[in-house]
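Subject: Structure handover and notes

Dear colleague,

Here is the structure we spoke about. My notes on it follow below.

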Amino acid sequence: MLGLPKSTEMSKQLPKKAIYTKFQMNTAAKDKIDADISRITIVNEITADKVNIPAGENVQSFFVLLVTLKRRNFDEKNITMLSKLIPQNILFILEYEDSCKLAIYHTKLMQTQWRPDDQYSIELKGIDLDKVWENIVAQIGGITIVDNNTLDEQIQLDESRQKLEKEIAKLEKLARAEKQPRKKFELVQRIKQLRRDNDNAEIR
């Protein structure tokens, strides 16, 4: 799947019951996963010897898990929980009927859009598996790394910028509705300051 090398392919079902038992999950957590997930299958294992890319300092291998969903509007917390419970780097293919999306957890859960299940591919790019993993995270998260930032630094910068943009949009709505000139002026000045902050963050 995903156009990955044949040498990485496998088909090993990961029983939900085994996950429940291993991680001693309570009934509520089990019920949440059961409500969303029908089946979990390991479909690829990426290792240095299988793809002829050296292991990294942090990433020696990673798995691709096909998660067959029971509903399109699934609870994202279930995928986040699986990412945290299973002590491996995991790329998820989330499949519902004839559509799928990719998901990956790196500081937060990142996802692509739904597409027909034959329209996604992943290229293994990088001098080692650390870099390959970073590139996959960036691809799925829509992250463009600039100014020699690390992946984590870029994620943090992008999140800060998004928060600023949301705050600006909120204040612009308030300013449009404000009837008192003084309050309207204060809101406009605040918006201008936030825009300057946003511009300065982009320059840095």
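A residue is called buried here under 20% relative accessible area, exposed over 50%, and partly exposed in between. Glu45, at 21% relative accessibility, therefore counts as partly exposed. Please keep in mind that this is a predicted model.

Salt bridges

How many salt bridges does the structure hold? There are six. Side chains of opposite charge can pair when their charged atoms come close. Three of the pairs are described here.

Glu45 forms a salt bridge with Lys50, with 3.1 Å from N to O. Lys50 is partly exposed, with a relative accessibility of 26%.

Asp36 pairs with Arg71, and the closest N and O atoms of this salt bridge are 2.4 Å apart. Asp36 belongs to helix H2 (residues 27-36), while Arg71 sits in the loop between strand S3 (61-69) and helix H4 (76-85), so the bridge ties together parts that are 35 residues apart in sequence. Is Asp36 buried or exposed? Asp36 has a relative accessible area of 1%, so this residue is buried. Its partner Arg71 is partly exposed, at 38% relative accessibility.

In the third pair, the side chains of Arg195 and Glu172 meet at 2.2 Å, N to O. Arg195 is in helix H7 (residues 181-203) and Glu172 is in helix H6 (residues 151-177), so this salt bridge ties together parts that are 23 residues apart in sequence. Both ends are partly exposed: Arg195 has a relative accessible area of 41%, and Glu172 has a relative accessibility of 23%.

Ser7 and Cys100

Ser7 lies in the segment before strand S1 (9-13). With a relative accessible area of 39%, Ser7 is partly exposed. What does the side chain of Ser7 reach? The contact is with the backbone oxygen of Lys50, at 2.6 Å. Lys50 thus appears twice in these notes, as its side chain also meets that of Glu45 in the salt bridge above. The C-alpha atom of Ser7 is 8.8 Å from that of Ile46, a residue 39 positions away along the chain.

Cys100 is part of strand S5. Its relative accessible area is 2%, so Cys100 is buried. Between the C-alpha atoms of Cys100 and Trp114 the separation is 5.4 Å, although the two are 14 residues apart along the chain.

Negative surface patch

Which residues form the negative surface patch? They are Glu97, Asp98, Asp117 and Asp118. Glu97 is in the loop between strand S4 (90-96) and strand S5 (99-105). At 62% relative accessibility, Glu97 is exposed, because the cut-off for that class is over 50%.

Positive phi values

Most residues other than glycine have a negative phi. Gln24 has a positive one, near 50 degrees. Gln24 is located in the loop between helix H1 (16-22) and helix H2, and is exposed with a relative accessible area of 73%. Thr107 also has a positive phi, near 70 degrees. Where is Thr107 found? Thr107 is in the loop between strand S5 and strand S6 (109-111).

Regards

Methods:
Residues numbered from 1 in each chain as written. Predicted model: local features only at pLDDT ≥ 70, side-chain atom pairs only at ≥ 80, totals over all residues. Heavy atoms only, no water. Patch = residues over 30% accessible without salt bridge, like charges linked within 9 Å, V, L, I, M, F, W, Y side chains within 5 Å. Areas by Shrake-Rupley, 256 points an atom, 1.4 Å probe, with all protein chains shown as cover. Salt bridge = Lys/Arg side-chain N within 4 Å of Asp/Glu carboxyl O. Lys, Arg positive; Asp, Glu negative; His and termini not counted. Charge placed at Lys NZ, Arg CZ, Asp CG, Glu CD. Helix = DSSP H or I, 4+ residues; strand = E, 2+ residues; numbered from the N terminus. Buried < 20%, exposed > 50% of the residue type's maximum accessible area, 1.4 Å probe, protein only. Polar contact = N/O pair within 3.5 Å; in protein donor to acceptor, adjacent residues only side chain to side chain.
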